[in-house]
Amino acid sequence: MAAVHDLEMESMNLNMGREMKEELEEEEKMREDGGGKDRAKSRKVHRIVSKWMLPEKARGTYLERANCFPPPVFIISISLAELAVFIYYAVWKPQKQWITLDTGILESPFIYSPEKREEAWRFISYMLVHAGVQHILGNLCMQLVLGIPLEMVHKGLRVGLVYLAGVIAGSLASSIFDPLRYLVGASGGVYALMGGYFMNVLVVRTTGMEVFFLLVVLDMGFALYRRFFVPEDGSPVSFAAHIAGGFAGMSIGYTVFSCFDKALLKDPRFWIAIVAYLACVLFAVFFNIFLSPAN
């Protein structure tokens, strides 16, 4: 056992030494070519992102084509939209207290409300409304920390697909498992990103688990507080969206994020995940029309 451990440590040291040598050689080449400090810094950022998001065998391919065009527009845009809606309800719309926004947002046309399920846009628009400063800051921090690196690697279309799949899965799951509760926040989308990242860490990497578990513990802790320990004069919200968003990410997100340099539509795993997802969506729609206690 000791010999095996020594061999593993030696292999890790050789890999680290090789990576450091490659970085030094690349920076030296940039200086010789007149690339300048900005280009070297950009290259360093991409190298860090590749180590975080990709298995070792895929990093070289990513670095060969890495660029910031297009920039991570989707995750930044959706975050700004969520922040803008929060500021609107906190500052310009009369509320009891803008720190928690417990009761005022219940009249919002964006919130998912069991009594207004026929307004289908609410199954998506609820992601724009948050229940307080802690809620909006938690979701924004998590989706920016994970979303920007993911979008740098996979680009906005794929990240947007996973994010919105989590949002829709979250509201539909809440309408089934917690049918009489209101739903606000982008946690379904955030958990979809986290689920996809987790599966890739689990399958193709051995590092990064600490980041994942820290984010999950922090966000799930706050979700449970909002659901079960909210003050009597407040409005508890469902947390089923967190779980459903995570499962959406672990299925669709895994297939999307595991083939960053391949044609997504040619991957049979993607179509299997899509068919399973659509089957769950159809069941949820049927449940809401015919079986929901909120009818």
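These legends accompany a set of close-up views of a predicted model.

**Figure 1. The whole chain is built from helices.** Let's start with the overview before zooming in. The secondary structure consists of ten helices and zero strands, so if you trace the elements from the N terminus you will read α-α-α-α-α-α-α-α-α-α. The chain has 295 residues, and 47% of them count as buried. Among contacts with a separation of 6 or more, 71% join residues that are 24 or more positions apart. The accessible surface amounts to about 15800 Å². Carbon and sulfur atoms contribute 70% of that surface.

**Figure 2. Helix α4 in close-up, with its buried face.** Helix α4 covers residues 73–92. From its first C-alpha to its last, this 20-residue helix reaches 27 Å, close to the 28 Å expected at 1.5 Å a residue. Which residues of α4 are buried? They are F74, I75, I78, S79, E82, V85, F86, Y89 and A90. Looking down the axis of α4, you will find these buried residues within an arc of 130°, so they line one face of the helix. On the face turned away from the buried side sit the exposed residues L80, V91 and W92.

**Figure 3. A nonpolar patch on the surface, with α4 as its main contributor.** Here we stay with α4 but look at its nonpolar surface residues. The patch measures about 750 Å² and is made by I76, L80, L83, I87, Y88, V91, W92 and L144. Helix α4 gives the most to this patch, with seven residues. One member of the patch to pick out is I87, which has its place in α4. I87 has a relative accessibility of 33%, so this residue counts as partly exposed. L80, V91 and W92, the exposed residues from the previous view, belong to the patch too.

**Figure 4. E119 and R122 form a salt bridge.** The structure holds two salt bridges, and this view shows one of them. Side chains of opposite charge can pair when their charged atoms come close. For E119 and R122, the closest N and O atoms are 2.5 Å apart. Is R122 buried or exposed? R122 counts as buried because its relative accessibility is 4%, and the cut-off for buried is under 20%.

**Figure 5. D267 and R269 form a salt bridge.** In this pair, the closest N and O atoms are 2.7 Å apart. Take a look at the surroundings of each partner as well. D267 has 11% relative accessibility and so counts as buried. R269 is partly exposed, with a relative accessible area of 32%.

**Figure 6. K155 has a positive phi.** This view moves to helix α6, which spans residues 133–177 and contains K155. What is the phi of K155 near? The value is near 75°, which is positive in a residue other than glycine. Most residues other than glycine have a negative phi, so this is a handy spot to check the backbone in your own viewer.

**Figure 7. P71 and M152 are brought together across the sequence.** P71 lies in the loop between α3 (56–65) and α4. With 40% relative accessibility, P71 counts as partly exposed. Although P71 and M152 are 81 residues apart along the chain, their C-alpha atoms are separated by 7.0 Å.

Notes: Residues numbered from 1 in each chain as written. Predicted model: local features only at pLDDT ≥ 70, side-chain atom pairs only at ≥ 80, totals over all residues. Heavy atoms only, no water. Helix = DSSP H or I, 4+ residues; strand = E, 2+ residues; numbered from the N terminus. Buried < 20%, exposed > 50% of the residue type's maximum accessible area, 1.4 Å probe, protein only. Contact = heavy atoms within 4.5 Å. Areas by Shrake-Rupley, 256 points an atom, 1.4 Å probe, with all protein chains shown as cover. Salt bridge = Lys/Arg side-chain N within 4 Å of Asp/Glu carboxyl O. Patch = residues over 30% accessible without salt bridge, like charges linked within 9 Å, V, L, I, M, F, W, Y side chains within 5 Å. Expected span 1.5 Å × (residues − 1). Arc of directions from axis to C-beta.
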